[in-house]
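Hi everyone, thanks for coming. I'd like to walk you through one model today, a few places at a time. Let's put it up on the screen.

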Amino acid sequence: MCGALRPSDAGKKVVLMGWVNRRRDLGQIIFVDLRDRTGVTQVVFNHELNAAVHEKAEALRNEFVIAAIGSVKRRDPDTINPNIPTGEVELVAEELRILNVSKSLPFLPSDTVLANEEMRLKYRYIDLRRDAMQFNIELRHKVALAIRDNLASQGFFEIETPFMTRSTPEGARDYLVPSRVQPGTFYALPQSPQLFKQILMISGFDKYFQIVRCFRDEDLRADRQPEFTQIDLEMSYPQPERVWETVESFLTAAFKAAGYEIKTPFPRMDFDDAIRQYGIDKPDLRLPAFTDVADCFAPDELQTFAINKDLPIIAIRIPNVGELSRKERDNIKPLFVSKGGARVFEDFKRIETKHPEAATKVRAKAGAAADDLVVLVVGSQSGAAAEAHPASKRKVTPAEMAIYASAGLLRVALAQKYSDRHKLFQKGDFRFLWVTNFPMFEYDEGEKRWMAAHHPFTSPHEEDMDKLETDPAMVRARAYDVVLNGTELGSGSIRIHRQDIQSKIFHALGMTEEEARNRFGFFLEALEYGTPPHGGIALGLDRIVMILAGADSLREVIPFPKTAAAKDLMMEAPTPVAESQLRELGIGVVVKK
C-alpha cells in the first residue's frame with residue numbers, strides 16, 4: 001500500500017498501485033506522488049536509469065490510475081519529507097503500467113480550498129478520495145466495529161429486522177412503498193425498528209442490537225438525513241441503570257477506537273432540572289449553567305426595567321469574554337430568539353451604572369468574574385406568570401418555559417460567537433449526560449390534544465398511573481436521553497409490557513379502541529402472550545462519528561448523503577418513473593401547484 005513503506009524496506013522490490021496525486025517534471029527526472037487510502041509514496045522516474053519508463057511517465061496526469069514497479073530507496077537526508085510517514089523513502093520506478101486515465105477533474109482531491117458542497121456531492125466519488133473523507137469513513141468503520149464487538153461481548157445478538165413493514169405514523173412522515181402484488185396497499189420504510197425489537201423481547205431474545213438503516217420523510221438540517229444509521233438495542237428485565245451501563249460500555253469502546261478516553265458513569269439530570277438550569281433538554285455541560293437572579297432585584301428596580309416579578313430572571317454567564325464595545329453589545333440582539341414574551345438585557349453595564357448593588361448581587365450569585373460576559377433574559381411586565389393551558393400544572397409552566405428556552409438558545413449562541421475569546425470548547429472535551437424523567441405527554445396546540453413526548457410505547461412511572469386520565473401534564477415517562485456537548489445522541493425508555501397499560505396510553509392519546517386495534521392490533525395481541533418487562537435505546541451512529549471527526553455536518557461522515565432538499569446529486573435521485581411502472585402499481589401522480 002502507498003502508505004506502508006519505511007526505511008526498513010530499502011532494497012526491496014515492490015509494486016505500488018494508486019492514483020497520481022501530484023506530478024513534478026524536472027526534465028530528466030519526474031517525481032510522482034502516488035496515493036491510495038493509506039497514504040502517499042514518492043515514485044521517481046529517472047531518464048538515465050530507464051528512458052522508456054521515463055518517457056511513458058511524461059503522459060501521466062492527476063488522478064491517472066497506475067501501477068509502479070521498482071526498488072525502494074532511502075531518500076538523501078536533504079530531500080526527506082517529515083510531513084508524511086513515507087517521507088524517508090522513495091520508489092525508483094523500473095516499470096510503469098497505466099491502468100486507467102482520467103479526464104480533467106472539476107476539483108482535485110489534493111485541493112486545499114474545498115469546492116462548494118453541491119459540486120462535492122455531484123462528484124462524490126472524487127470528494128471521497130480526499131484525505132479528510134477517507135479519514136472520516138475509516139473512523140466510522142472503526143467506531144461501528146468497536147460497538148459491535150462490545151455488544152457481542154455483553155451477550156447481545158445482532159438481529160436484522162425488516163425494511164418493508166406497515167405504516168404506523170407517529171411524528172415524522174413515513175416513506176411509502178407501493179405493493180404490486182397487493183394493489184392499493186403500501187409498505188412503509190421503518191422510522192425505527194421499535195415494534196420489531198419489542199417483539200424480539202416477547203420472542204425470548206433477551207439482548208438484541210442492530211446497527212440499522214432508518215428512514216424519515218422530514219425536513220433536513222445539518223444533523224438530519226432522510227436515511228440515517230442508528231445503534232438500536234433492547235434488553236429484557238432491565239432497570240434504566242442497566243441500559244445506561246450498556247450504553248456507557250459501548251460508547252467507551254467506540255471513543256477508544258477513535259483515540260479518546262471518556263469517563264463513566266455519566267452524570268444524570270432530571271428533565272425539569274435541565275430546563276431550569278440550561279433551558280433545553282440536551283444541555284452542553286461545557287458551558288456554565290445559567291442562574292435565576294430574581295431575588296437580586298428590589299421591586300422598584302424591576303418596575304424601572306419593566307420586568308415581570310413573577311417570572312424567572314435568568315443570568316447567562318460566558319467566561320473570559322472581556323469587555324464588549326457598544327457595537328458588540330448591539331450584535332447580541334440578533335442572536336436572541338424569544339420563545340414567547342421573553343426579553344434580553346444585553347447591556348449589563350447599564351444595570352451596573354443605575355443599580356450597582358443589584359448588579360453586584362447578580363455577579364456574585366451567577367459566579368461571574370470581572371471579565372465574564374453577563375446577559376439577562378427576563379419576562380415582560382405585561383406577561384402572565386402562568387397560562388390557561390393544560391400543561392400549566394407541570395413544575396415548569398409554559399410562561400417559565402418561554403424564559404428558560406429563550407435563555408437556553410441565547411446561552412449557546414453567545415458561547416459560539418465568542419468561542420475565540422475563551423477556552424470552553426476544547427478538542428477531546430466530551431461532556432456526557434443522561435437526562436431522565438421526561439414528561440410522558442406534550443400538548444399540541446394545533447391538534448388540541450395530548451401527544452406522546454417520546455413514543456406511545458414508553459412506560460409511565462408507576463406512581464403516576466392514576467394521573468393518566470385526570471392530570472396528564474404531571475405524568476412522567478421512564479424515558480431517558482444520552483446527550484453529548486449539547487447534542488442528543490439517542491433516546492430510550494423502559495417500555496410498556498402489559499396490554500392493559502398500553503391500551504390506556506393509546507386511550508390517553510385520543511385513540512379509540514377500534515383505531516388502536518386497526519393500527520397496533522398485532523402488537524396488542526403479542527403483549528398478551530407473556531411479555532417480559534423490557535427497555536432499550538437507539539443512538540445515532542452518524543452523530544457520534546460527526547462529533548468524533550470534528551465535522552459540522554452529517555454529510556461529512558456519510559459516504560453518500562442527500563442534500564438539504566433530500567436529493568442525491570450524484571445519482572440524480574429522486575426521479576420520475578415510467579408511466580408503465582405506475583400503471584403496473586395502479587398509481588396516478590398528482591403534482592401539487
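Let me start with a single glycine: G70 has a relative accessibility of 0%, so G70 counts as buried, where buried means under 20% relative accessible area, exposed means over 50%, and partly exposed is in between, with a 1.4 Å probe and protein chains only. Before going further, a word on where this comes from: this is a predicted model, in which local features need pLDDT of at least 70, side-chain atom pairs count only at pLDDT 80 or more, and totals for chains, interfaces and linings use all residues. Residues are numbered from 1 along each chain as its sequence is written, and side-chain values use heavy atoms, with hydrogens and water left out.

Back to G70, which sits in strand β4, residues 65–74. Helices (H or I, at least four residues) and strands (E, at least two) are DSSP runs, numbered from the N terminus. What does G70 touch, not counting residues up to four places away in sequence? With contact meaning heavy atoms within 4.5 Å, the list is K12, K13, V14, L91, V92, A93 and E94. Take V14 from that list: G70 and V14 are 56 residues apart in sequence, and their C-alpha atoms are 5.8 Å apart in space.

Zooming out for a moment, the chain has 17 helices and 21 strands. Its C-alpha trace spans about 90 × 75 × 55 Å along the principal axes. Of the 593 residues in the chain, 48% are buried. Among the contacts with a separation of 6 or more, 69% are between residues 24 or more positions apart.

Now for helix α15, residues 513–526. This helix has 14 residues, yet its end C-alpha atoms are only 16 Å apart, short of the 20 Å a straight helix would reach at 1.5 Å a residue; that expected span is 1.5 Å times one less than the number of residues. Where does α15 bend? At F520, by about 90°, taking the bend as the angle between axes fitted to the seven residues ending there and the seven starting there. F520 is also one of the buried residues of α15, alongside A516, G521, F523, L524 and A526. Their cover includes α5 (194–202) and α14 (499–508).

That brings us to α5, whose buried residues are Q194, L195, K197, Q198, L200 and M201. Covering them are elements including β9 (207–215), β10 (227–236), α15 and β21 (534–540). Just after α5, G204 takes a positive phi of about 100°.

Next, a helix pair: the axes of α7 (residues 271–278) and α12 (residues 398–417) come within 7 Å and cross at roughly 65°. Those axes are lines fitted to C-alpha atoms over the stretch in contact, with angles from 0 to 180 degrees between N-to-C directions. From α7, I275, R276 and Y278 meet E400, M401, Y404, G408 and R411 of α12. By class, that contact has 4 nonpolar, 1 polar and 3 charged residues. Here Ala, Val, Leu, Ile, Met, Phe, Trp, Tyr, Cys and Pro count as nonpolar, Asp, Glu, Lys and Arg as charged, and the others, Gly among them, as polar.

One last stop is K567, in the loop between α16 (541–549) and α17 (579–585). Is K567 buried or exposed? Neither: K567 is partly exposed, at a relative accessible area of 44%. Leaving out residues up to four places away in sequence, K567 touches P561, K562, A573 and P574. That's my tour, thanks for listening!
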